[in-house]
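Okay, everyone, let's get going. I'll put the structure up, and then we'll walk through it piece by piece.

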Amino acid sequence: MSVLFQIQPTIDMHTVIIRGLIQHGNAHSVYNWLRRMPTLPGHFSPTIEQFHLFLNASSKMESYKFSRHIVSTMHALGCKPTIETFIILIRTRWESAMEEGKIPHIAALESMVEDMKRERLPYDAEIAGLLYDCYATVGQEVNANQIRSIYEAAFSESRSEQGPEWLTSLSNTSQRQGILSAIELYRQFEKEGCLPGPAVLAILRHLRSLDDLLLAEKELGVKCNASHWSMLISNNIRSRHLSEALDLYHRSKEAGIIPDAGLVGPLIKGLCQSSSLVPPSESSLDRALEIYRDLADVWPQANQLPRDNGRRHSAGPDINIYHTILRGLSSSSKHDKYYPIAMSLIDEMKARNLSTMDSFVASSLIVFLMRRASTVEEAMEGYQQYASALDERGYSIVLNAFTKLSFGGESPITSLAEYFSIVKDMRHARFPVTVEAYTILLRHLATVGTQARRLKNAEEALHKLDKLVVATRRTHDLLTLDPSITPDAVLLNQLMDTYQRLDCFADAYRVWEMMYVTGRFDQISVSIILDACAYAGAVQLAMQIHKKLVRD
């Protein structure tokens with residue numbers, strides 16, 4: 001934006017864009033924009049107002065589960081949920097149930113009370129009244145009194161601790177107008193009783209520069225600790241400034257800061273992250289292991305500091321750090337190098353009294369064993385060793401890894417037998433087989449198909465494409481016959497795109513016709529079918545599609 005039009009992006013521009021995306025009715029497009037904001041020009045983190053704008057709209061576009069997911073990811077995007085966030089969430093939960101003719105079980109609202117407690121939010125009379133009114137308005141006075149009592153008991157200590165919303169104002173001012181304006185505002189709040197310690201945290205919440213931290217220290221007379229440094233590091237990681245985050249970590253050590261899980265966790269995550277196509281580099285993984293070792297050496301004991309005094313993280317290595325490293329190591333092509341290291345990390349987890357029999361660990365070990373295997377039979381044996389510990393997410397990770405295996409230049413995926421045997425295990429373990437199981441497979445068939453079309457040996461390319469077409473059509477048949485699956489636009493888009501990439505225009509067009517008739521299509525669907533028409537030279541068909549869409 002700034003390069004093309006010589007305009008400096010502002011946070012308000014993002015709000016305008018978010019409003020526009022909401023008007024188009026695609027909640028996932030809005031969510032993707034919020035997630036990308038730290039990496040877009042200006043490197044802004046989403047504001048609480050933008051999240052609330054989205055949450056209010058998403059309740060009319062998506063399920064309550066989607067709204068709950070949005071709230072669960074707010075911290076990762078640098079935004080802390082507030083009382084208003086949970087007011088929106090409670091109303092969404094209740095209204096969605098009412099539309100289905102149901103009344104939520106009291107445990108559903110109690111879980112939100114626990115979430116508010118976990119977020120260290122203060123007692124709020126509006127929340128108490130809202131929880132009571134939900135049940136009282138449908139004549140369930142007993143439940144109304146019970147949920148209000150649960151809430152009041154959970155927040156009994158904080159009911160008298162409410163104060164002015166200084167910190168929110170300081171954080172917003174710092175983000176929108178810069179640190180100098182926030183410090184000037186603090187001077188006004190200081191006269192009303194605002195303390196410098198919490199004020200520094202609020203001012204630094206969205207900043208990334210070491211100069212800002214040093215200025216805040218000087219002006220407010222506060223010595224910044226690991227929590228302050230971790231904010232700056234996290235913000236740099238979110239905006240994909242990994243080298244700046246690493247430099248901040250080095251400077252924090254020079255400043256005598258003792259690292260904790262909150263400070264090094266974002267760094268390790270940034271170093272171990274991989275995209276769908278590129279795994280983390282060997283140097284990044286080695287650097288992550290060095291930083292982990294720094295942390296482990298400082299906190300060698302299993303009994304680590306509790307999460308008190310505002311601490312959201314344990315002091316030493318926590319389960320999330322181990323999960324992140326194991327996931328990164330398992331995605332590397334250097335599996336012979338990193339497998340022994342992964343096993344030693346699991347031994348260290350045991351020494352720290354951390355669980356090693358969860359799905360995250362199991363899926364990482366299965367991926368390691370699959371990637372080290374020389375045959376598909378060996379890969380399946382590795383899977384069977386730890387399959388019993390997998391949950392729904394773990395199965396998705398394993399399925400994704402299986403699609404990328406190759407033995408002697410041949411992918412076992414085209415036979416489909418082993419892939420769907422894992423899906424069958426997932427169903428037997430009583431986990432719902434969702435559209436993701438099919439999307440993962442179709443996405444990889446499309447990728448392999450694109451690679452096959454680029455082969456210089458035409459005979460070899462045709463042979464591979466034929467096998468991929470058979471596999472795709474068989475997957476399409478299985479999808480059609482699966483009574484537990486209702487294909488959504490995302491899955492059908494992937495099916496249509498896979499056919500297109502395999503030069504099966506007629507199949508792709510039939511999928512589009514079904515999507516059009518049933519109304520299960522979006523702007524991505526239109527882009528895929530028009531692209532397919534262009535590639536197949538079907539100009540008249542593309543014009544007919546366009547004409548129908550304009551007419552509708």
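Before anything else, one cut-off, since I'll lean on it in a second: a residue is called buried if its relative accessible area is under 20%, exposed if that value is over 50%, and partly exposed in between. And keep in mind that what you're looking at is a predicted model.

So let's try the cut-off out on a serine. Is S332 buried or exposed? Its relative accessible area is 2%, so S332 is buried. S332 sits in a loop, the one that runs between α18 (319–331) and α19 (335–351). Which residues does S332 touch, once you leave aside its neighbours within four places in sequence? Those would be L285, Y338 and R371. There's a polar contact to look at as well: a polar atom of the S332 side chain is 3.0 Å from the backbone nitrogen of K334.

Okay, zooming out to the whole chain. We have 29 helices and 0 strands. The C-alpha trace spans about 80 × 60 × 60 Å along its principal axes. Now, the radius of gyration: for 552 residues you'd expect a compact globule to come out near 24 Å, and this chain has 26 Å, which agrees. Buried residues account for 48% of the 552. On the outside, the chain exposes about 27700 Å², and 53% of that comes from carbon and sulfur atoms. For the contact-map people: take contacts between residues at least 6 apart in sequence, and 66% of them join residues at least 24 apart.

Next up, charges. In general, side chains of opposite charge can pair when their charged atoms come close. How many salt bridges does a search of the whole structure find? The count is 20. I'll take three pairs and then a network.

Pair one is K253 with D294, a side-chain salt bridge at 3.3 Å, N to O. K253 belongs to helix α15 (residues 242–254) and D294 to helix α17 (residues 282–298), so this pair ties together parts that are 41 residues apart in sequence. As for how open they are, K253 has 43% relative accessibility, so it counts as partly exposed. D294 is at 24%, so that one counts as partly exposed too.

Pair two is R372 with D336, where the closest N and O atoms are again 3.3 Å apart. This one links distant parts of the chain, with R372 in helix α20 (residues 359–372) and D336 in helix α19, 36 residues apart. R372 comes in at 37% relative accessibility, which means partly exposed. D336, on the other hand, has a relative accessible area of 52%, so D336 is exposed.

Pair three is R393 with E436, and here the closest N and O atoms are 3.8 Å apart. Which helices does this pair tie together? R393 is in α22 (residues 392–403) and E436 is in α24 (residues 435–453), so the parts being joined are 43 residues apart in sequence. R393 counts as exposed because its relative accessibility is 51%, while E436, with 33%, is partly exposed.

And the network I promised: R68, D115 and R118 are linked by salt bridges.

Let's move to the nonpolar side of the surface. M98, I103 and V138 form a nonpolar patch there, with about 200 Å² of accessible area together. I103 is placed in the loop between α6 (83–99) and α7 (106–118). Why does I103 count as partly exposed? Because its relative accessibility is 37%.

Last stop, some backbone angles for anyone who likes to check phi. H43 has phi near 50 degrees, which is a positive value in a residue other than glycine. You'll find H43 in the loop between α3 (27–36) and α4 (48–61), and at 27% relative accessibility it counts as partly exposed. R430 also has a positive phi, near 70 degrees, and again this is a residue other than glycine. R430 lies in the loop between α23 (417–428) and α24. With 78% relative accessibility, R430 counts as exposed.

That's my tour, from the buried serine S332 out to the exposed arginine R430. Over to you for questions.

Terms used
Residues numbered from 1 in each chain as written. Heavy atoms only, no water. Patch = residues over 30% accessible without salt bridge, like charges linked within 9 Å, V, L, I, M, F, W, Y side chains within 5 Å. Areas by Shrake-Rupley, 256 points an atom, 1.4 Å probe, with all protein chains shown as cover. Salt bridge = Lys/Arg side-chain N within 4 Å of Asp/Glu carboxyl O. Helix = DSSP H or I, 4+ residues; strand = E, 2+ residues; numbered from the N terminus. Buried < 20%, exposed > 50% of the residue type's maximum accessible area, 1.4 Å probe, protein only. Polar contact = N/O pair within 3.5 Å; in protein donor to acceptor, adjacent residues only side chain to side chain. Contact = heavy atoms within 4.5 Å. Rg over C-alpha atoms; globule rule 2.2 N^0.38 Å.
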